[in-house]
Amino acid sequence: MSGTTDLKGDTTIVVLGASGDLAKKKTFPSLIRLFERNLLPEDTAILGYARTKMEQKEFHDRIAPNLKTQKEETKQKFLDICRYVPGAYDEAGAFQNLNKEIEEVEKKRGGKGCNRIFYLALPPNVFASVAEQLKKNCYAESGVNRVVIEKPFGKDLESCQELIDGMKNLWSEKETFRIDHYLGKEMVKNILPFRFSNPLVDMSLNNKTVENVQITFKENFGTEGRGGYFDEFGIIRDIQQNHLCQVFCLLAMDTPDSFDAEAIRDQKVKLLKETKPISTDEVLLGQYTAANGKPGYKDDDTVPKDSNTPTYAAIVLHVDNDRWRGVPFIMKAGKALDEGKVDIRVQYKEPKQQMVAEVARNELVLRVQPGEAIYVKSNTKVPGQDSASVPAELDLTYSKRFKNMYIPEAYEALILDCIQGRHSNFVRDDELLASWSIFTPLLHAIDEGKVPCTTYPYGSRGPEKLDEFMAKFGYQHDKNYVWPETDVAKYAEKL
Ligand code: BG6
């Protein structure tokens with residue numbers, strides 16, 4: 001056996017939706033990295049399942065181009081443990097056949113117990129029926145069963161509740177691993193350790209010191225090719241309700257009683273329940289238009305010509321508790337912008353008394369991607385005779401500080417967590433419901449066309465009114481300072 005796991009005996013991982021994009025781009029590439037790093041349970045077998053009829057070789061040829069390994073021979077060894085089984089998503093007979101195939105690989109390994117992990121890389125419309133068929137026809141009587149599922153977990157509070165109720169009688173919460181892949185990103189996994197192992201940091205996170213918080217997601221490409229899917233959801237359901245909401249929880253939750261999965265998730269739910277539903281007056285929406293030689297959102301044939309779906313949103317959360325009352329949490333997310341990045345920016349209040357001329361506000365920035373980094377924008381005296389203060393950073397850039405360290409990709413980290421039975425980085429059912437309660441009134445108002453949506457050109461910073469919107473919530477943008485390039489001496493000359 002390799003990595004630690006609570007799974008005793010042999011393990012079969014069944015990837016449903018094996019011919020789809022998610023499986024090809026994320027699931028199999030993550031599995032091979034775990035295989036290469038010797039982190040899969042010993043004697044793991046992998047079965048791909050999908051509707052497409054194809055031979056083993058064709059299946060291997062399909063997944064092989066995305067499999068990246070250190071040594072070429074690892075690829076063949078990995079493919080040797082991957083088999084493909086074609087079958088429908090709604091026929092009991094097809095799942096009974098899948099069960100036979102699983103039993104076959106289990107027998108070949110000597111029947112030393114049979115744990116089964118079902119990874120549903122599937123579209124939401126077949127999701128409930130597959131979960132049911134698996135429980136009825138493929139559930140291991142002895143051994144551990146786990147089911148891994150992916151967003152979207154509904155479109156609003158009601159549909160999410162239905163989804164949860166539909167699953168509840170089939171799969172227990174302990175067996176269910178709901179993926180939000182942001183919880184597998186290195187910097188997101190560092191939020192709790194960074195806060196709770198540094199009193200300096202955690203003690204500064206409250207309404208006495210913090211002026212505002214921003215959580216930003218920017219992509220420099222549009223929805224090209226996914227317009228049909230995206231149009232049903234929009235940016236808030238695609239990014240803010242799940243990925244950014246998870247980041248918000250980890251940053252703003254109170255100290256848990258312990259660091260086990262349930263204690264952490266209890267605190268997240270508590271925070272979400274203390275967060276008010278988003279007001280339709282505190283929202284800025286936009287949809288990108290053709291510019292810089294790039295197509296507009298509605299130029300995609302799969303997007304209705306009269307679509308009002310936002311591809312950009314800035315929204316504001318308010319937490320009604322003693323720690324955070326009065327501090328706006330601004331969540332911004334957009335597609336087809338000027339750059340790609342995800343970060344958290346905590347902007348502090350000004351010092352009560354200015355020692356020298358006015359100084360810039362302190363900021364604590366956690367950069368999730370690209371290139372993990374944590375830096376504190378702080379003020380320091382210009383070295384030498386000058387007494388002016390300039391902003392300079394306390395900088396923990398991972399590529400400089402942690403040279404040659406392996407940072408696993410989010411899915412790789414999460415699949416390993418699932419194998420090891422660790423739930424902390426997966427979303428619990430009550431977390432989902434609490435989060436949807438905050439977003440649903442706004443989403444319904446948008447769906448009903450009650451919230452205006454402006455436009456912005458492909459490749460820009462977003463809607464024109466963005467700076468005005470941010471200023472309304474107290475954010476001060478220091479245009480002269482850009483991390484990490486700002487030349488401090490030049491900055492000082494401007495003072
Ligand atoms: C997905 C969204 O959940 O996350 C996509 O559906 C988005 O629209 C993607 O592009 C972003 O993930 P990452 O890991 O590239 O930041």
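Domain bounds, as the word domain is used on this tour, come from an automatic or database domain assignment. Keep in mind from the start that the structure on your screen is a predicted model.

**First stop: the largest pocket**

Begin by selecting domain 1, residues 11–150, and domain 2, residues 184–494, in two colours; both of them give residues to the lining of the largest pocket, so this pocket lies between them. To find its middle, select D21, L22, R226, Y229 and Y411, which lie nearest the centre among the 40 residues that line the largest pocket. Next, show the elements α1 (21–36), β7 (210–218) and α9 as ribbons, since these are the ones that give two or more residues to that lining. The space in the largest pocket comes to about 1300 Å³, and if you colour its lining by class, you should find 14 nonpolar, 11 polar and 15 charged residues.

**Second stop: the second largest pocket**

Now move to E339, K341, R345, Y475 and H477, which lie nearest the centre of the second largest pocket, a pocket lined by 31 residues. The elements to display here are β7, β10 (329–334), β11 (341–348), β12 (363–369), β13 (373–381) and α14 (466–472), each of which gives two or more residues to the lining of the second largest pocket. Its volume is about 740 Å³, and the lining of this second largest pocket is made up of 13 nonpolar, four polar and 14 charged residues.

**Third stop: aromatic rings**

Turn next to the aromatic side chains, which form 19 aromatic pairs in the structure. Select F196 and F259 as an example of such a pair, with ring centres 5.7 Å apart and planes at 50 degrees to each other, an arrangement that counts as tilted. What does this pair tie together? F196 belongs to helix α7 (residues 186–196), while F259 sits in the loop between α9 (227–252) and α10 (261–274), so the pair ties together parts that are 63 residues apart in sequence. If you switch on the surface, F196 is partly exposed, with a relative accessible area of 22%, whereas F259, at 51% relative accessibility, counts as exposed. Then select F230, Y288, Y297, Y312, Y456 and Y458 together, because ring pairs link these residues into a cluster.

**Last stop: charges over rings**

Finish with two lysines, starting with K155, which lies over the face of F233 at 5.6 Å from the ring centre. Then select K185 together with Y182, where the lysine lies over the face of the tyrosine, at 4.6 Å from the ring centre.

Note on methods
Residues are numbered from 1 along each chain as its sequence is written. This is a predicted model: local features need pLDDT of at least 70, side-chain atom pairs count only at pLDDT 80 or more; totals for chains, interfaces and linings use all residues. Side-chain values use heavy atoms; hydrogens and water are left out. Rings of Phe, Tyr and Trp (its six-membered ring) pair if their centres lie within 6.5 Å; planes under 30 degrees apart count as stacked, over 60 as edge-to-face and the rest as tilted. Helices (H or I, at least four residues) and strands (E, at least two) are DSSP runs, numbered from the N terminus. Buried means under 20% relative accessible area, exposed over 50%, partly exposed in between (1.4 Å probe, protein chains only). A charge sits over a ring if NZ of Lys or CZ of Arg is within 6 Å of the ring centre and within 35 degrees of the ring normal. On a 1 Å grid over the protein atoms alone, a cavity is a set of points where a 1.4 Å probe fits but cannot get out, and a pocket is an open set with protein on both sides within 12 Å along at least five of seven lines; lining residues have an atom within 4 Å of a point. Grid points are joined across faces, edges and corners, and a volume is the space filled by probe spheres set on the points. Ala, Val, Leu, Ile, Met, Phe, Trp, Tyr, Cys and Pro count as nonpolar, Asp, Glu, Lys and Arg as charged, and the others, Gly among them, as polar.
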